[in-house]
Amino acid sequence: MMRPLYERIRGLREDNDLTQTDIAVYLGTSQTMYARYERGANEVPIRHLVSLCHLYNVSADYFLDTAPDSRRRQKIASRLKNA
């Protein structure tokens, strides 16, 4: 099962021994707002997602769980053919 985005951003921060304040300063936001991202109370803006990708050297696919999956593409293709 896919881990939610907020768990992924918290996990990467903790794995890198960074504080919420460290990340908030990097993103140019407040620690309070960043904490809301980690709790899932607020959505992470795209500009912050891109910055986190650069900081942690991961693709957006990691955060969004959108890695290419040929089975998924096949299912979509068959649904379109049957429509």
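# Briefing on a six-helix predicted model

Directly after helix α1, Asp 17 adopts a positive phi of about 50 degrees. This residue belongs to a model that is predicted, and the protein in it holds six helices and zero strands. Read from the N terminus on, the elements run α-α-α-α-α-α. Of the 83 residues in the protein, 24% are buried, and among the contacts with a separation of 6 or more, 52% are accounted for by residues 24 or more positions apart.

**Positive phi angles in the loops**

- Asp 17 sits in the loop between α1 and α2, and its phi near 50 degrees is a positive value in a residue other than glycine.
- Most residues other than glycine have a negative phi.
- With a relative accessible area of 70%, Asp 17 is exposed.
- Asn 57 likewise has a positive phi, of about 55 degrees, although it is not a glycine; Asn 57 is located in the loop between α4 and α5, and at 71% relative accessibility it counts as exposed.
- A glycine with a positive phi is found just after α2, where Gly 28 takes a value of about 75 degrees.

**Helix α1 and what covers it**

- Helix α1 spans residues 5-15, and its buried residues are Arg 8, Ile 9, Gly 11, Leu 12 and Arg 13.
- The cover over these buried residues of α1 includes α2, α3, α4 and α5, the last of which spans residues 60-64.

**Helix α2 and its packing against α3**

- In helix α2, the buried residues include Gln 20 and Ile 23, together with Ala 24 and Leu 27.
- When α2 is viewed down its axis, its buried residues fall within an arc of 100 degrees, so they line one face of the helix.
- An α-helix has 3.6 residues a turn, so residues three or four places apart point the same way.
- The elements that cover the buried residues of α2 include α1, α3 and α4, of which α4 spans residues 46-56.
- Helix α2, made of residues 20-27, packs with helix α3, made of residues 31-39, at an angle of about 105 degrees, and their axes are 8 Å apart; because angles of 65 to 115 degrees count as roughly perpendicular, α2 is described as roughly perpendicular to α3.
- On the α2 side this contact is made by Gln 20, Thr 21, Ile 23, Ala 24 and Leu 27, while on the α3 side it is made by Gln 31, Tyr 34, Ala 35 and Glu 38.
- By character, the residues of the contact between α2 and α3 divide into five nonpolar, three polar and one charged.

**Salt bridges**

- The structure holds three salt bridges, and Arg 13, Glu 14 and Glu 38 are linked in a network of them.
- Within that network, Glu 38 and Arg 13 meet through their side chains in a salt bridge with an N to O distance of 2.5 Å; Glu 38 lies in helix α3 and Arg 13 in helix α1, so this pair ties together parts that are 25 residues apart in sequence.
- Glu 38 counts as buried at 3% relative accessibility, and Arg 13 counts as buried at 10%.
- Arg 13 also forms a salt bridge with Glu 14, in which the closest N and O atoms are 3.9 Å apart, and Glu 14, at 45% relative accessibility, counts as partly exposed.
- A further salt bridge joins the side chains of Arg 3 and Glu 7, at 3.9 Å from N to O; Arg 3 is partly exposed with a relative accessible area of 37%, and Glu 7 also counts as partly exposed, at 27% relative accessibility.

**A buried histidine in helix α4**

- His 48 is part of helix α4, and at 4% relative accessibility this histidine counts as buried.
- When its neighbours within four places in sequence are left aside, His 48 is in contact with Leu 27, Thr 29 and Tyr 37; among these, Leu 27 is one of the buried residues of α2 and also takes part in the contact of α2 with α3.

Conventions
Residues are numbered from 1 along each chain as its sequence is written. This is a predicted model: local features need pLDDT of at least 70, side-chain atom pairs count only at pLDDT 80 or more; totals for chains, interfaces and linings use all residues. Side-chain values use heavy atoms; hydrogens and water are left out. Axes are lines fitted to C-alpha atoms, for helices over the stretch in contact, and angles run from 0 to 180 degrees between N-to-C directions. Helices (H or I, at least four residues) and strands (E, at least two) are DSSP runs, numbered from the N terminus. Angles under 35 degrees count as roughly parallel, over 145 as roughly antiparallel, 65 to 115 as roughly perpendicular and the rest as oblique. Contact means heavy atoms within 4.5 Å. Ala, Val, Leu, Ile, Met, Phe, Trp, Tyr, Cys and Pro count as nonpolar, Asp, Glu, Lys and Arg as charged, and the others, Gly among them, as polar. Buried means under 20% relative accessible area, exposed over 50%, partly exposed in between (1.4 Å probe, protein chains only). The arc is that of the directions from the helix axis to the C-beta atoms. A salt bridge is a side-chain nitrogen of Lys or Arg within 4 Å of a carboxyl oxygen of Asp or Glu.
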